Amino acid sequence: MSVKDYIRERFFPHMWCPGCGHGVVLNAMIRAVESLGMSKNEIVMVSGIGCSARISGYVDFHSMHTIHGRALAFATGIKMSRPELNVIVPMGDGDALAIGGNHFLHAARRNIEMTAIVMNNRIYGMTGGQFSPLSGYAAAASTAPYGNIDHGFDIAKLSEAAGATFVARTTTYHVHELSRLIRDAILHEGFSVLEVLTQCPTYFGRYNRAGDAPEMMETYKNRTVAVGSEKKNQDPDLIERGVFVKKELPEYCREYEKVIEKNQQKQT
Amino acid sequence: MQGKVKFIQGNEVCVEAALYAGLEFFAGYPITPSTEIAEAMSARLPQIGGRFLQMEDEISSICAIIGASLTGRKAMTATSGPGFSLMQEALGYAVMTEIPCVIVDVQRGGPSTGLPTHVGQGDVNQARYGTHGDHAIVALTASNHQDMFAITVEAFNIAETFRTPVILLFDEVTGHMREKVVIPEKGEISLVERLRTSVESGVDYHPYLPREDGRLPMSDFGGVHRYNVTGLYHDMWGFPSDDPKIVYGLIRHLMDKIQNYTGNMTFFRQDHIEDAHTVLVSYGAAARSARHLVENRRKRGERLGLLELQTLWPFPGDVVRKVCKNADYIVVVELNTGQVIREVKLAVDRPERVYLANRIDGQLISPTDIQNILRLLHGKGV
Amino acid sequence: MEKCRLVFSGSGGQGIITAAILLAEAAVLHEGLNAVQSQSYGAQARGGAARSDVIIWDKPVYYPKVVQPNVLVCLTQTAYNKYHPTIRPGGLLITDTALVKVDKSAEARLAQLAFQDQVKQEMGNTRGLNICVLGAVAALTQIVSTPSLESAVAGRFDERFREANLKALHMGIALGSQRSSASV
């Protein structure tokens, strides 16, 4: 199949701003799915609210566009009900870690098999550029006109601490790596988190004088390094890319299947 | 009625009835006085190959059941007032996306944390108006275990027939009380199964195109038809739209599919209405006290009657108007500052006949409490 | 039959709610009667005040609470102080000699029985106290038969505890029968 077979062409052009990184994530995701040879019928995409959440409408999978922050909770119901489905949950940074932070932690803790893709543009784009829990200290935003005093999360560390069994990070500049990591995340048998640094030139870039989209991607190229690289020791502000966690632990749905196997028939 | 006799709590009756109705999926979060429902579900569901999830809060609980229902399983959650408040946004999502599910609210005293271990009926209006935006909703209740069983099964039937969330408004008294219940044999109460589309794989399926009778055949998520589901206004494919024609058509459909079928989902009991000069209108735990009084006073020849409502929303105004037609006094008995009474006043002719008999202190109103109010009303003094 | 209204009162952890449930269950499942059991309780699982109401009748029971009990069981002084004025004239007050000092007059029959002492003496601990009380209530009121109670108790506890609880039940039935044959 070609890339076009995975999208709902009649709903294009998409609604994202020129230069937005989300389209790159969409592209890489489709390539990952294509390379896995998965049937469109076995993929469910559940999203919340925000620019990132609109990705679910453009793909020709089973797609559920839910409410702000709760995508993982809906996805948990779907996955527990039909464990044979592959569940992918694209979220924005605010969607996943502000309003949806608690669901994020608990989905990771349960180690339920699904792929959480956090499209981190460090801003609330849909509502016009307010700071998010990933904007970081001193960032400018429409609700931080004097500079942000909130500190940001480290999504990778947070995910690991919460119990995610696959944790990785990359950027929209590193498109091949992005596609490969999405593929690895989908294949992982457990809760997998992939953080994708994705540019929002319209708000984050403009407010923070980070330049236009190519300049922001240039920054991803220059200010990130492969995990374990020596460069990080010399320049601790560099952001690491790659796989941080990959381990095998009992998966939630399979554990529940065991509960059913043991207790079925024992009707009172 | 044939079947197995049990002596169990109302909350357990609700569990047995849900399983009878074909429930396969439950997600919930512990909260008094509904917790026994989650506990019983955690034990019973794996036994039948169903699934129980204890979620991190009530928000995720309702989200999980909506997700599970979309894949084709009958699903339910249970909570009490504070948790029901948290569920309101997702409840609206279920209304908008037309995903069947059942939400049990075992009411306690509110507002806020209120009275966790004491009874109240203060969530009647929340059930109707809790989620934002115009919408229609179904809320049912019952006062005894046998009715609780039947009404819980009915909740699933309505949810499936009309593709809507249905709220079961029980309360601390009926939820925790134990009394006899006969679990009906299979087939004794008819069940509505989900209407699934007959559109074959490869043929264009329109998930949000109602049939002529207003019903929307579903395709299990993860099955042969891939479609979009969204809480935004959407077209027949489920794709977002703000086209005024589409927006108007959808909101009209969401309202009409419930309001035009009020008669199909109206459940009530009436006792001694024919010659009653005073009709008590009540529901849930309060109706037990009202019935106690009516039965006792009838023996002494007093012309008291009872209308026990089991459907609270859509409000069965026609039934209330007819039943109360000849009464001199209409006394609404409820455990709040007056929620159903407003609907009763709107429904009846000469609303000046309508009075409230209530308690709002966490205690079940007693037959004596009601009797004292009636004596005052009838000009007899206490 | 007369409508029988019972109140079991004491503190959380004594098992009085279980005793109330078993009495009502015996009436419904094994005697074909109607019964409604309800309880009121606070936030504490242990040590707080506990009360359970049971109404047993051969006709439908609607209002589930007991205002004036025919039978009042008090297993703490606090419960006795709080509830003794509610007893129905001519009713029956059942207390434990070691736990409650009966110091108020009431127009009721009085059964002060040594449940706790006897259970401790014969079983080494007080875990069977509630079931012992249940046996006495049944013997004194004759509201349910011994076989019905035995079935209810046997059905409630798994094998490890079944024998001990049946023993406690019969201890209570004996205590109650002695009392009931004495003039009360």
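Let me begin at one residue: Gly92(B) sits in helix α4 of chain B. I should say at once that this is a predicted model, with an ipTM of 0.97 and a pTM of 0.97.

Is Gly92(B) buried, exposed or partly exposed? It counts as partly exposed, because 19 C-beta neighbours lie inside 10 Å, and 20 or more would be needed for a residue to be called buried. Leaving aside residues up to four places away in sequence, Gly92(B) touches Thr131(B), His132(B), Gly133(B) and His135(B). Pro111(B) follows 19 residues apart along the chain, and the C-alpha atoms of Gly92(B) and Pro111(B) are separated by 21 Å.

Pro111(B) brings me to the backbone geometry. This proline lies in the loop between β5 (101–109) and β6 of chain B. The peptide bond joining Gly110(B) to Pro111(B) is cis, with omega at about 5 degrees. Ser112(B) belongs to the loop between β5 and β6 of chain B as well. Although Ser112(B) is not a glycine, its phi is positive, at about 55 degrees. Ser112(B) is also exposed, since it has 8 other C-beta atoms within 10 Å. As background, most residues other than glycine have a negative phi, and most peptide bonds are trans.

There is a further cis peptide bond in chain B, between Trp313(B) and Pro314(B), where omega is about -5 degrees. Pro314(B) is located in the loop that runs between β14 (311–313) and α10 (317–323) of chain B.

In chain A, Ala138(A) has a phi near 75 degrees, a positive value in a residue other than glycine. Ala138(A) is placed in the loop between β6 (130–131) and α6 (155–162) of chain A. Ala138(A) counts as exposed because 12 C-beta neighbours lie inside 10 Å; the cut-off for exposed is 12 or fewer.

Next, the domains of chain B. Chain B is divided into domain 1, residues 3–184, and domain 2, residues 270–377. The C-alpha centres of these two domains lie 26 Å apart. On the domain 1 side, 26 residues are in contact with 19 residues of domain 2. Which elements of domain 1 give two or more residues to the side that touches domain 2? They are β6 (115–119), α5 (124–129), β7 (138–140), α6 (145–162), β8 (165–171) and α7 (172–176) of chain B. Of these, α5(B) gives the most, with four residues. By class, this side of domain 1 divides into 14 nonpolar, nine polar and three charged residues.

I now turn to the contact between chains A and B. Here, 34 residues of chain B are in contact with 34 residues of chain A. On the chain B side, at least two residues each are supplied by β2 (23–28), α2 (35–47), β3 (51–54), α3 (58–70), α4 (81–97) and β10 (228–230). Where does the largest share come from? It comes from α3(B), with nine residues. The side of chain B that touches chain A has 19 nonpolar, nine polar and six charged residues.

Strand pairing also links these two chains. Strand β2 of chain A, residues 62–65, is joined to β10(B) by three bridges, and the two strands run parallel. Within this pairing, Met64(A) stands opposite Val229(B) in β10(B).

Staying with chain A, helix α3, residues 71–81, is mostly covered, with 11 of its 11 residues buried. The buried residues of α3(A) include Phe74(A), Ile78(A) and Met80(A), and Lys79(A) is among them too.

Finally, chain C. How many helices and strands does chain C contain? There are six helices and six strands. From the N terminus on, the elements run β-α-β-β-β-α-β-β-α-α-α-α. The C-alpha trace spans about 40 × 40 × 35 Å along its principal axes. The radius of gyration of chain C is 15 Å, which agrees with a compact globule, because 184 residues in such a globule would give a value near 16 Å. Buried residues make up 48% of the 184 residues in chain C. Of the contacts in chain C between residues at least 6 apart in sequence, 59% join residues at least 24 apart. As for confidence, chain C averages a pLDDT of 93, and 98% of the residues score at least 70.

Note on methods:
Residues numbered from 1 in each chain as written. Chains lettered and ligands numbered in written order. Predicted model: local features only at pLDDT ≥ 70, side-chain atom pairs only at ≥ 80, totals over all residues. Domains from an automatic or database assignment. Contact = placed C-beta atoms within 7 Å. Nonpolar A, V, L, I, M, F, W, Y, C, P; charged D, E, K, R; others polar. Rg over C-alpha atoms; globule rule 2.2 N^0.38 Å. Pairing = 2+ DSSP bridges. pLDDT = per-residue confidence, 0-100.
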